[in-house]
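Student: I would like to take a close look at a single part of this model rather than at everything at once. Could you choose one helix, go through it carefully, and then show me how it relates to what lies around it in the chain?

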Amino acid sequence: MKHMPTSSENLGSSLAEKLLAVAKGNSHTAAPAAAVLWPDKERQWATAIPALKQQLPGLLELGAFDPASRSGPAVWLKCAIAGVLPEVQFQGVPVVYLPGVSRAELRAIESCPRDLQPLAELQYRGVFWSQVNAKDWTVSAFLSSKNGGLGLDVAQDKATQEALAQVLSAGVLLDRPLDELKGRQINAEWLLSLLAPNPTRDLLVWMNAPHATQKDWAGVRWDVFSKRAKSDFGFDPVSDGPLVAAEKLARREGKWAAVAELYRDSYTSFPEVLTLLRTVQPPQLGLFPDMDPHGPLAGYPQANEQGEASLRYALSACAAMDAAQARTAIATAEKEHGARRGWLWSRMGQSPLAQALEHLARLAELSAAAPIGATPSELAASYQQSGWRVDEAATQAMGAVQTKADTDAVGAAVRAVYLPWLEEAAKRLQDAVKKVGGMPALHAASDAAADSGTCTVFVDGLRYDVAQRLRAKLDGLGTTTLAARWTSMPSVTASGKAWCSPVAGLVSGTAEDVEFEPRVAADGKPLSGHNFRKLLTDNGVQPLDKHETGDPSGRAWTESGDLDHYGHEHGVRLARDVDAQLATVVERVQELRDAGWRRVRIVTDHGWLLVPGGLPKTELPKHQAETRWGRCAVLKDTAHGTPLTFGWDWCKDVQVAYAPGVSSFIAGADYAHGGLSLQECLVPVLDLVVAAPAAAAQVTIKAVTWKGLRCVVEVDGTSAGLTVDVRTKPALATSSLVASVKPLEAGKASVAVADDDNLGAAAVVVILGADGQVLQKQATTVGG
């Protein structure tokens, strides 16, 4: 009966089977063969022998004495075949591999070398594994021969024969399934692809560490890599070297385009390739080079670095321009350098100025018009509609750079267009406030904070534009609503924190409170941290420390984030680290959500001004001020009020003078608050109604039992609406094999396969949720 190969057969098992078949020989022969002699004059099979010994315990090898690997001289082999060596144990007929020995040498007994003579007599008691024409089995002959071989289609060119030897020695040929070898031509290209399945990636691996890689790949792997590099990429790694490879990668021509694409997708795996590419000089393309992401310069880091240097100079020059000139200069720079954001180097963080330029261009465009309105309310509405985007663009531009040189350049451009806009917006608000005699005195914490199930989160210094950014980060947690209200005047923490709290109505101030810290109205005690928490507790609001979650059915107050302290400490660096500060707020809100709070209200005390190069200085004589802050000061009783003097919101007897425009009483401050501007006084109120988390269905298949074409499925899982199906493709409903899906009842369901032609077919039992999505699956065979 002819043997039918199974799907698990590979080249190695087929070779072993052929060798054993020779040992059996003619079943009518009286005596079995003493050994199978396998001559291999050219040593073509030598590298495959260690792997074959794993499959053939009776495979012995002529060679140096090494009993552990079943190798030894002729005399030792004779003893092993005779079964007198305890260290060599096998069943059946042994196979003796003879590297460097031909069949003819053994047959010519008179001229047979002395070291082989002990084996010569085995040709009479044993059998040769040779071709029908008595020639040794070469690798190519065994694969291609239909008479004793495998009858595969093997190309006979020199390149294929060389590749066969390399692939066999690398140990990747014997494991190939026969099904893969049949029905295809075995040629050099396919064989080399076994050794180097991804030559494009191999090229990048080598470029990342040329010397170390050549050392690691010494031998067949390196030979194959070199051959593939020459044939596929027109490049010799030995004679051309890494620099030529870098030049070809930068040009991205021909098959090197695929290398560039792979590098673009996985550059983090090849960190040193960038260092190599930096040595390649870009071509000279005249005064107006093409900066397109697919243009000729896009592959050269040096071109990007030159562009960054040019842009740094252009932005720095804005320091000497007025706002209109600076806006024009920024727009021109965007036309020249904006396309570099599509270059790989930008994704790698090598183009911070080009990244900042995107925000600068938006800042230049938006800052051409200041907020519109004749009253504080109209100006607030204008700012909420579009004005905050100017602050956002300025902050993001400043936050896109890190080094001092880049920070200075971006700072010069930001200051040139942003400071005049800030000044005009602040003057418009100050003029409107003077007309009405002060800011509308409305507490930021409305009745919503009094609702049960609401936790108020206080974030110090959460400016309106930053609240917009926070809102986007919280959108996935529920429904968000962003409003804005006026904070207390002046816009400082001691005053504004109580103003936005749920107990604002129980707080007041006196003429003695010149540091803007109000008091508990009932007993006149200063609103220290301790007294503030006590006031909250006495009025049914739980004060929660870090990571405390309290009772979600009540009301609570907690604090998170510290934008204000960070701004005072680090100035312009705040722009770079805003997201890190907001991350702590998001984590806190998630913590509250997970603890069961269904409504979170985020409030703040004030905003701030952030101007690179510092706010303009304005003078206020020291003898007029009782207490002087950057943007406000408490005047002495004898002092005459300035044009911007208003009473403190907690006690109108305390007269507060405000710095005009966006100036400061203290020189050199990049970051400040306490004054009269939309950025400082119009504070956000962000409400989050938390979405109830959907309970993930936990389903486990306990058992699948077949009774003919009926399948009984037992499941652990309590979710409602679960159903059972049997499919050939788990996610494809049209591949169902059952007459109808069945619901799970008490953790069990029974479904029947409709067509008995499917008996024995591979299938998948799937558990479906109420929405039809696959929640769990298990492979099975129809009928068990």
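Tutor: What follows is a walk along one helix, then to its neighbour, and then to some salt bridges and helices elsewhere.

Please keep in mind that this is a predicted model, and that the helix to look at is H27, which covers residues 573-595. Its length can be checked with a small piece of reasoning: because each residue should add 1.5 Å, the 23 residues of H27 are expected to span 33 Å, and the C-alpha atoms at its ends are 34 Å apart, which agrees. The helix is nevertheless bent, turning by about 35° at Asp579. Just after H27 comes Gly596, which takes a positive phi of about 115°.

Which residues of H27 are buried? The list runs through Leu574, Ala575, Asp577, Val578, Gln581, Leu582, Val585, Val586, Arg588, Val589, Leu592 and Arg593. When you read such a list, it helps to remember that an α-helix has 3.6 residues a turn, so residues three or four places apart point the same way.

Arg588 deserves a longer look, because its relative accessibility is 5% and, with buried meaning under 20%, this residue counts as buried. Its side chain forms a salt bridge with Glu591, and the closest N and O atoms of that pair are 2.8 Å apart. Both residues belong to H27 and sit three residues apart, about one turn of the helix. The partner is placed otherwise, for Glu591 is partly exposed, with a relative accessible area of 24%.

Beside this helix we can set H26, which holds residues 563-570 and whose axis comes within 10 Å of the axis of H27, the two crossing at roughly 155°. Because an angle over 145 degrees counts as roughly antiparallel, H26 and H27 are described in that way. The crossing in which H26 passes H27 is right-handed.

Another pair of helices can be read in the same manner. Helix H17 (residues 301-316) packs with helix H22 (residues 404-436) at an angle of about 40°, and their axes are 7 Å apart. That angle makes H17 oblique to H22, and H17 passes H22 in a left-handed crossing.

The bridge inside H27 can also be set beside others, since the count for the model comes to 35 salt bridges. One of them joins Arg601 to Asp687, with the closest N and O atoms 2.6 Å apart. This pair links distant parts of the chain, since Arg601 lies in strand S14 (residues 599-603) and Asp687 in strand S21 (residues 682-690), 86 residues apart. Arg601 is buried, with a relative accessible area of 5%, and Asp687 counts as buried too, at 10% relative accessibility. Salt bridges can also share partners, and in this way Lys78, Glu121 and Arg125 are joined into one network. A further salt bridge is the one in which the side chains of Asp513 and Arg519 meet, at 3.0 Å from N to O, and here Asp513 counts as buried, at 7% relative accessibility.

To return to the helix you asked about, H27 agrees with its expected span, bends at Asp579, and contains both partners of the salt bridge between Arg588 and Glu591.

Note on methods:
Residues are numbered from 1 along each chain as its sequence is written. This is a predicted model: local features need pLDDT of at least 70, side-chain atom pairs count only at pLDDT 80 or more; totals for chains, interfaces and linings use all residues. Side-chain values use heavy atoms; hydrogens and water are left out. A salt bridge is a side-chain nitrogen of Lys or Arg within 4 Å of a carboxyl oxygen of Asp or Glu. Buried means under 20% relative accessible area, exposed over 50%, partly exposed in between (1.4 Å probe, protein chains only). Helices (H or I, at least four residues) and strands (E, at least two) are DSSP runs, numbered from the N terminus. The expected span of a helix is 1.5 Å times one less than its number of residues. The bend at a residue is the angle between axes fitted to the seven residues ending there and the seven starting there. Axes are lines fitted to C-alpha atoms, for helices over the stretch in contact, and angles run from 0 to 180 degrees between N-to-C directions. Angles under 35 degrees count as roughly parallel, over 145 as roughly antiparallel, 65 to 115 as roughly perpendicular and the rest as oblique. A crossing is left-handed if the near helix is turned anticlockwise from the far one by less than a right angle, and right-handed if clockwise.
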